Amino acid sequence: MKTIKLYLCIIGAVCGLAACNDDFMQQIPETSLTVEGFFKSPGDLQSYVNGLYNDANLYQRGWWNDFESDNVTFYSEDNDMYRWLLSDQRSVDNAGGWNDWGSLRSVNVMLTNLDNVVGNEADINNYIGIARYFRAWFYINKVQAYSDVPWIDRPLSTTDEALYQVQTPRAEVVQHILEDLDYAVTWIKPDMNDKTRIHKYCALALLSRFALYEATFRKYHSELGLSSTVSELLQKSITASEQLMNSGQFEITGVGTTDLSGETVPNVVGSEGFRGLFTVLDLSPNKEIINWRRSDVDRTAGAVLNPSDRLMANSRNFYSLSRSLQESFLTKDGKPYSTVAGYATKTFTEIFPDRDPRFAETFAYPGVYEVREGVSYYHLAKPFRGGYDQVKFFPRNANREMKWNHDVLGQMNGLPVYRYGEVLLNYAEAKAELGQFTADVINKTINVLRDRVSMPHFDAAREVDAALQSLYPNVTDPALLALRRERRVELAGEGFRLMDINRWNVGKVMEMDISKQGMYVPSLPYVYDVTNDGVPDYGIAASESAKTDAAVTWVYPGEIFYLENGTSGYIHNVDDQNRHFDEPKDYYRPIPRQQIVLNPQLKQPHGW
């Protein structure tokens, strides 16, 4: 009975996969014994592979937010990682995850039943490459969560001894991942069409990303004992990035800045070119986009592909951005924000002028609006959340009316999966880690990103300050420090920050006060104009009896938020004051206890 339960656990997800696809996918049997004659032509492989795109464990990710990282000061939904950080209730008994092996089985069913496929060899190898790409994606997520995991490259039967195998060492699993990606790079066709399907350059982008991740994780995590392999992995990231860079298929687009100034907040500057990566329906024409999700027609994932309501809706946003992220954006002169006189006590409207234009494309600036049922409304930042709302991914053009039905076209954005800007950052960092961060590398990467938003060219000596150094105490090289700032700023809100924190071994940034702080409030009662329309919007008072203007919306410190000095200071959320990051334990997820009961050979990751 125990064997049958575990087998069902492993194959269960394939049923959900089949339910989302055409008759072919619904007919796929559960054992290789009856599927042998099913794959006969490249068309059969294509139909099967098409079904894999709908499996969240193989392709989809929450790439629009960083709510588990120090980019966010508050997050209001239940989530394993966030709950553990707040309450320290880490336990193998309340852990989720692990139980998604049916997704892997879906891939292995095809890869182990190819003997009867007849047709054009290039077509056959193309679909094999895509399947191996999906398997690599599955295992990348597993390694990042658990480190050592069982490597399974065939569908298992109910009596298969592999159901009870020990974990495969991380280094061996990673080698298999790299072999899958190398095959994918070699054989997947380069035809991109509308860039919503996997093509050769997707495999290169994933190889660029993962090889950098694994190299730096091994370098900065001594508990693995794998530091001798760092250089080889960095070079793999560099080679993959160079192939993308030399392909001539991609470029950084939309150079120039946009004046977002209002009457009372001058010198607020954004960038429509940067914004265009995150706020349009169709990303296929954009030369920076390597791969994207067409969320306007993909209803199967519902809100998962629908970030806007989490970011900006006046009643529905789930998180607030942090002071730590806010102060990571340089001034328009390319200097750290700490060089601005009085920077630590700037109020909401005072932080936006004269900043890197990407700042006003990430943080909801005064005067940003939303359109509902044909009427424009100023967006109201919410002090009880922290005050710093995310505007990235929020469509601001008037023809993209916001509605709160997930199936309404107006709310959807095309969502980047891979973009060329990330590849340039991967390349620059890998080069810097190898001591090869030359002027030529800078000009081909960071300066290209800077040129898009009319920022001064990269100068590590100018850009590194004590605040930046405090985030990364295990690094002293100014170039690496400044590169980490650039990566955080360019990719904010795109789902990379926690991954970067983990691989750099700097989880303690989650505990820092600056990571838990929202906007600054100079005194109580305090009334402010977050919309920049000349009319006060919000007031913060110690109590209802202390409010001074009946025309504004008042909030009061108490059960939801507090000011760190009682009547002044930075906003903190009450639930977020006890963050704790346990090293090295919290760089890994625990295997749920019930899985250990089913297979006593499994061992918990480092620290568990």
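**View 1. Glu433, a buried residue in helix H14.** Glu433 has a relative accessibility of 11%, so this residue counts as buried, the cut-off being under 20%. Keep in mind for this and every other view that the model is predicted. Glu433 belongs to helix H14, which covers residues 420–433. Who's around it? With neighbours within four places in sequence set aside, the contacts of Glu433 are Thr216, Lys219, Tyr220, Leu234, Leu480 and Arg484.

**View 2. Val143 in helix H7.** Helix H7 spans residues 121–146, and Val143 is part of it. Is Val143 buried or exposed? It's buried, because its relative accessibility is 0%. Once residues up to four places away in sequence are dropped, Val143 still touches Val149, Arg170, Val173, Val174, Ile177 and Glu214. One of these, Val173, is 30 residues along the chain from Val143, with 7.8 Å between the two C-alpha atoms.

**View 3. Ala145, also in helix H7.** Stay on helix H7 and you'll find Ala145. Ala145 is buried too, because its relative accessibility of 13% falls under the 20% cut-off. Which residues does Ala145 touch, not counting those up to four places away in sequence? Tyr588 and Arg589. Here's a long hop through the sequence: Ala145 and Tyr587 are 442 residues apart, yet their C-alpha atoms are 7.8 Å apart in space.

**View 4. The ring pair Phe359 and Phe363.** The protein has 32 aromatic pairs by the ring-centre rule. In the pair shown here, the centres of Phe359 and Phe363 are 4.8 Å apart and the planes meet at 40°, so the pair is tilted. That label follows because 40° is neither under 30 degrees, which would be stacked, nor over 60, which would be edge-to-face. Both partners are buried: Phe359 has a relative accessible area of 0%, and Phe363 has a relative accessibility of 1%.

**View 5. An aromatic cluster and two charges over rings.** Trp98, Trp101, Phe138, Tyr139, Tyr146 and Trp151 make up one aromatic cluster. Look at Trp101 again for a charge: the charged end of Lys142 sits over the ring of Trp101, 5.2 Å from the ring centre. For a second example, go to Tyr53, where the charged end of Arg197 sits over the ring at 3.8 Å from its centre.

**View 6. A sheet of 3 strands.** This sheet is open, its strands pair antiparallel, and the order is S9-S14-S13. Which strands stand at the edges? They're S9 (520–521) and S13 (561–563); each has a single partner strand, so one side of each lacks a neighbour in the sheet. S9 pairs with S14 (residues 569–573) in the antiparallel sense, over 2 bridges. Zoom in on that pairing and you'll see Tyr520 opposite Tyr570 of S14.

**View 7. Zooming out to the whole protein.** The close-ups above come from a protein with 22 helices and 14 strands. How much of it is buried? Of the 608 residues, 59% count as buried. As for contacts with a separation of 6 or more, 71% are between residues 24 or more positions apart. The exposed area is about 22,300 Å², with carbon and sulfur atoms supplying 49% of it.

Note on methods: Residues numbered from 1 in each chain as written. Predicted model: local features only at pLDDT ≥ 70, side-chain atom pairs only at ≥ 80, totals over all residues. Heavy atoms only, no water. Helix = DSSP H or I, 4+ residues; strand = E, 2+ residues; numbered from the N terminus. Buried < 20%, exposed > 50% of the residue type's maximum accessible area, 1.4 Å probe, protein only. Contact = heavy atoms within 4.5 Å. Phe/Tyr/Trp six-rings, centres within 6.5 Å; stacked < 30°, edge-to-face > 60°. Lys NZ or Arg CZ within 6 Å of the ring centre and 35° of its normal. Pairing = 2+ DSSP bridges. Areas by Shrake-Rupley, 256 points an atom, 1.4 Å probe, with all protein chains shown as cover.
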